[in-house]
Amino acid sequence: MKKSFFVSIAFVCVVLGIMISTQFRNVKNSDSLTVQRAEELTSKLNQVQKERDELKKQINDLEAKISNYENSAAKSSTVTKSLKDDLDKYKELAGLSDVEGPGIIVTINDGNTQLQPGADQNAFLVHDEDLLNIVNELRAAGAEAISINDQRLVATSEIRMIGNTIDINSVRFTPPYVVKAIGNPDTLEAALRLKGGIIDTLSNWGIQVNIKRSDKILVKKYDGVLTYKYAKPYEGGNN
């Protein structure tokens, strides 16, 4: 009986050994595949970023050529010059050209307050709604051009939270967020510093906000492509 007992124990040990060995090989192979997959994805990401940079360069080169053609055409007659002036104005209004002027620069960063036990850390982070509230106040105060981390805000721009990052014009950013706004510096700053307004609210949560005035701020043009799939020019008629 003792012999049978020890044989059973030995058999169980052998089976366990085989199972552990198999599991170890599977885990090892899985780790190897995970590393290989990560390396492949990193390589593809680098390639895509390189292609994106090359396309951006091509776009900039083409835009420079178009600008030269427009300037040349504008010199040929009064009509073409008037058309060129109108085109420049509409590009400026649409956010498709660099603009500069007086305004304010607002830097927003996560709170550095010492958290109390049980406090929600998420409440002390900059959220998309915080940036949206700042942008809305600036627009209401007459801001003529606004960018966040040099991403020009246009009609189709999105500001949304993705994990601990904020997506702006399909580009992800982490704090700090630098908002540039062109307009009357006094009016813009006063709008943000209203008692009980956005700055007071953020400060209550420990969010760091710094406002700097400047006589000359550069707000870069929108770097994407504006396309409308469903919206078409209104041609009149009954609707």
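This briefing walks through the fold, one sheet and a group of salt bridges in the structure above. The model is a predicted one. Its protein chain has 5 helices and 8 strands, and 26% of the 239 residues count as buried. The structure also holds 5 salt bridges, and some of them are described below.

**The chain as a whole**

- Going along the sequence, helices and strands come in the pattern α-α-β-α-β-β-β-β-β-β-α-α-β.
- Take the contacts between residues at least 6 apart in sequence: 72% of them join residues at least 24 apart.
- The chain has an accessible surface of about 17000 Å², and carbon and sulfur atoms account for 55% of that surface.

**A sheet of three strands**

- Strands E4, E5 and E6 form an open sheet in the order E4-E5-E6, and their pairing is antiparallel.
- At the edges are E4 (159-162) and E6 (171-173), each of which pairs on one side only.
- On average, neighbouring strands of this sheet are turned by 35 degrees against each other, direction ignored.
- As a general reminder, strands of a sheet pair through backbone hydrogen bonds.
- Between E4 and E5 (residues 165-168) there are 4 bridges; in one pairing, isoleucine 159 has isoleucine 168 in E5 as its bridge partner.
- Helix H3 (residues 128-140) packs on the sheet and touches E4 and E5. The direction of H3 makes about 165 degrees with that of E4.

**A buried glutamine**

- Glutamine 151 belongs to strand E3 (residues 151-152).
- Is glutamine 151 buried or exposed? Its relative accessible area is 16%, so glutamine 151 is buried, as the cut-off for buried is under 20%.
- Leaving aside residues up to four places away in sequence, glutamine 151 touches Ile146, Ile168, Asn169, Val171 and Phe173.

**A network of salt bridges**

- Side chains of opposite charge can pair when their charged atoms come close.
- Arginine 213 and aspartate 186 meet in a salt bridge through their side chains, at 2.2 Å from N to O. Because arginine 213 lies in strand E8 (residues 208-219) and aspartate 186 in helix H4 (residues 185-192), this pair ties together parts 27 residues apart in sequence.
- Arginine 213 also forms a salt bridge with glutamate 189, with the closest N and O atoms 2.5 Å apart. Glutamate 189 lies in helix H4, so this pair ties together parts 24 residues apart in sequence.
- Glutamate 189 forms a salt bridge with arginine 193 too, at 2.8 Å between the closest N and O atoms.
- Through shared partners, Asp186, Glu189, Arg193 and Arg213 are joined into one network.
- Within this network, glutamate 189 is buried at 12% relative accessible area, whereas arginine 213 is partly exposed at 43%.

Key:
Residues numbered from 1 in each chain as written. Predicted model: local features only at pLDDT ≥ 70, side-chain atom pairs only at ≥ 80, totals over all residues. Heavy atoms only, no water. Helix = DSSP H or I, 4+ residues; strand = E, 2+ residues; numbered from the N terminus. Buried < 20%, exposed > 50% of the residue type's maximum accessible area, 1.4 Å probe, protein only. Contact = heavy atoms within 4.5 Å. Areas by Shrake-Rupley, 256 points an atom, 1.4 Å probe, with all protein chains shown as cover. Pairing = 2+ DSSP bridges. Axes fitted to C-alpha atoms, helices over the stretch in contact; angles between N-to-C directions. Salt bridge = Lys/Arg side-chain N within 4 Å of Asp/Glu carboxyl O.
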